Amino acid sequence: MGKTVISIGNDHIVTDIKERISEHLKEEGYEVIDNGTYDKLRTHYPIYGKKTAEKVVSGEAKFGVCLCGTGVGISSSASKVPGARVALVRDVSEAEYARKALNANVVAVGGHITGVDLIAAIVDKFITTEYEKTPEHDAWIKKIDALEGPKPEQTGNDHFFDEFEQKWEEGYYHD
C-alpha cells in the first residue's frame with residue numbers, strides 16, 4: 001500500500017511556512033507534491049491554488065493544502081477548480097468540520113495569521129478525519145457541487161495564466 005499523497009502550494013510570502021509544513025507531512029509518512037512557489041519572488045497565488053487543487057481533483061493526491069498570507073486569496077482560487085471542495089480554516093475544529101460534514105478535499109490556511117504549529121495541527125486533523133456520510137451531509141455537498149460548471153479551458157492547462165505572468169514581468173501590475 002502506497003503512501004497517502006498530499007498536494008501543497010503557496011504564494012511567495014509564506015514559502016518558508018510551506019516548507020516547514022511539507023517537512024512535517026513527510027515526517028508523518030506522507031508523500032508530498034510541492035506545486036510551488038519555491039522562493040520569495042513576487043508571484044500570483046491563483047497559479048498555486050489551481051495547481052494544488054488540480055492534483056487532488058485528478059487523483060494524483062488525496063488532499064490539498066494551500067497557504068498564502070491570509071489564506072483567503074489562494075482558497076478562493078483553488079475553489080474555482082471543478083471538483084475541488086476547499087475549506088479556509090483558522091483552527092482544528094473547523095478543519096474537522098470541513099472533512100466530516102463537507103468532505104472537503106483541500107484545506108487553506110493563512111500562513112501569516114496562523115502559527116506554524118497550529119497549521120500543522122490543522123493539516124493533521126484535516127487529513128486524518130473521515131467524511132461522516134449522512135443523508136444531510138450528502139445533500140449539502142450535492143447542493144454545493146451543483147454551483148460549479150465545466151471549465152474545459154482551464155482544467156489541466158498549465159499555461160492558463162501565461163498572459164498574466166507576462167504582463168507582470170512587463171510591469172503592468174503594481175501593488
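The following exercises, with worked solutions, concern the strands and helices of a predicted model.

**Exercise 1.** Determine which strands lie at the edges of the open sheet.

*Solution.* Begin with the strand order, which is S2-S1-S3-S5-S4 in this open sheet of five strands. The pairing is parallel. Next, look for strands that pair on one side only: these are S2 (31-34) and S4 (86-88), the edge strands. From one strand to the next, the twist averages 25 degrees.

**Exercise 2.** State how many bridges join S3 to S5, and in which direction the two strands run.

*Solution.* Locate S3 at residues 63-68 and S5 at residues 106-110. Five bridges join the two strands, which run parallel. Within this pair, cysteine 66 is found opposite alanine 108 of S5. In general, the strands of a sheet pair through backbone hydrogen bonds.

**Exercise 3.** Identify the strands across which helix H2 lies.

*Solution.* Helix H2 covers residues 45-57. It lies across S1 (5-10), S2, S3 and S5. Relative to S1, helix H2 runs at about 170 degrees.

**Exercise 4.** Classify the arrangement of helices H4 and H6 as roughly parallel, roughly antiparallel, roughly perpendicular or oblique, and describe their contact.

*Solution.* First, take the axes of H4 (residues 92-102) and H6 (residues 135-145): they come within 8 Å and cross at roughly 95 degrees. Second, apply the cut-off: angles of 65 to 115 degrees count as roughly perpendicular. The two helices, H4 and H6, are therefore roughly perpendicular to each other. Third, list the residues that meet: Tyr97, Lys100, Ala101 and Leu102 from H4, with His137, Trp140, Ile141 and Ile144 from H6. By class, this contact of H4 with H6 has six nonpolar residues, one polar and one charged.

Technical notes
Residues are numbered from 1 along each chain as its sequence is written. This is a predicted model: local features need pLDDT of at least 70, side-chain atom pairs count only at pLDDT 80 or more; totals for chains, interfaces and linings use all residues. Side-chain values use heavy atoms; hydrogens and water are left out. Two strands pair if DSSP finds at least two bridges between them. Helices (H or I, at least four residues) and strands (E, at least two) are DSSP runs, numbered from the N terminus. Axes are lines fitted to C-alpha atoms, for helices over the stretch in contact, and angles run from 0 to 180 degrees between N-to-C directions. Contact means heavy atoms within 4.5 Å. Angles under 35 degrees count as roughly parallel, over 145 as roughly antiparallel, 65 to 115 as roughly perpendicular and the rest as oblique. Ala, Val, Leu, Ile, Met, Phe, Trp, Tyr, Cys and Pro count as nonpolar, Asp, Glu, Lys and Arg as charged, and the others, Gly among them, as polar.
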